[in-house]
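Reader: I'm new to this one, and I'd like to know what stands behind the labels. Can you show it to me and take my questions?

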Amino acid sequence: MALSIRLARGGAKKRPVYRIVVADSRAPRDGRFIEKLGTWNPLLPKDSPERVTLDAERAKEWLAKGAQPTDRVARFLDAAGIRPRTPRHNPKKGEPGEKARERAAARAEKAAAAANGGGD
């Protein structure tokens with residue numbers, strides 16, 4: 001059984017509150033889980049102590065048993081000092097795509113022609 005430490009959504013429409021749970025990876029997101037480890041309320045300010053509550057001891061035990069945290073939960077575990085997370089770095093993510101580069105080149109070409117007085 002593949003275990004994951006992940007978020008289960010609760011709360012009203014447009015007012016999310018998440019439970020940090022240990023669940024079988026095949027179970028539905030908001031469905032059956034094995035144990036609740038904490039909560040996350042993204043609507044609270046980032047410096048609020050109630051924003052993320054986490055049972056560190058139980059989280060360590062589940063990690064020792066082989067549970068894999070999701071990306072968001074890995075951030076929480078890193079902030080709590082339970083499990084270090086390597087930061088991701090994708091320098092190409094912000095670059096425009098192929099078609100956008102073609103449009104920019106065409107725009108630059110057109111602007112250069114207009115600056116040279118090539119409108120006759």
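Author: Below we go through some of the labels one by one. Keep in mind that this is a predicted model.

Reader: Let's start with Ser4. Why is Ser4 called buried?

Author: Its relative accessible area is 10%, and buried means under 20%, so Ser4 gets the label. You'll find Ser4 in strand β1.

Reader: What is Ser4 in contact with, leaving aside its neighbours within four places in sequence?

Author: With Val21, Val22, Ala23, Ser25 and Gln68. Contact here means heavy atoms within 4.5 Å. Gln68 turns up again in the strand pairing, as Ser4 stands opposite Gln68 in β5.

Reader: How do you know that β1 and β5 pair?

Author: Pairing takes at least two bridges. Two bridges join β1 to β5 (residues 68-69), so the condition is met. These two strands run parallel.

Reader: And what makes β1 and β2 a pair?

Author: Ten bridges join β1 (residues 3-12) to β2 (residues 15-24), and at least two are needed, so they count as paired. They run antiparallel. One example is Ala8, whose bridge partner in β2 is Arg19.

Reader: What lies between β1 and β2 in the hairpin?

Author: Two residues. Lys14 sits in that turn and has a positive phi of about 65 degrees.

Reader: Which strands come next, going on from β2?

Author: Five bridges join β2 to β3 (residues 35-40), running antiparallel, and Tyr18 stands opposite Trp40 there. β3 in turn pairs with β4 (residues 52-54) in the antiparallel sense, over three bridges. In that pairing, Gly38 stands opposite Leu54.

Reader: Now the helices. How do you know whether the length of α3 agrees or disagrees with what's expected?

Author: α3 covers residues 98-115, which is 18 residues. At 1.5 Å a residue, they should span 26 Å, and the end C-alpha atoms are 26 Å apart, so the two agree. Just after α3, Gly117 takes a positive phi of about 80 degrees.

Reader: What about α2: which of its residues are buried?

Author: Val73, Ala74, Phe76 and Leu77 are the buried residues of α2 (residues 71-79). They cover an arc of only 160 degrees around the axis, so they lie on the same side of α2.

Reader: What do those buried residues pack against?

Author: Against β1, β2, β3, β4, α1 (56-64) and β5. Just after α2 comes Gly81, with a positive phi of about 80 degrees.

Notes
Residues are numbered from 1 along each chain as its sequence is written. This is a predicted model: local features need pLDDT of at least 70, side-chain atom pairs count only at pLDDT 80 or more; totals for chains, interfaces and linings use all residues. Side-chain values use heavy atoms; hydrogens and water are left out. Helices (H or I, at least four residues) and strands (E, at least two) are DSSP runs, numbered from the N terminus. The expected span of a helix is 1.5 Å times one less than its number of residues. Buried means under 20% relative accessible area, exposed over 50%, partly exposed in between (1.4 Å probe, protein chains only). The arc is that of the directions from the helix axis to the C-beta atoms.
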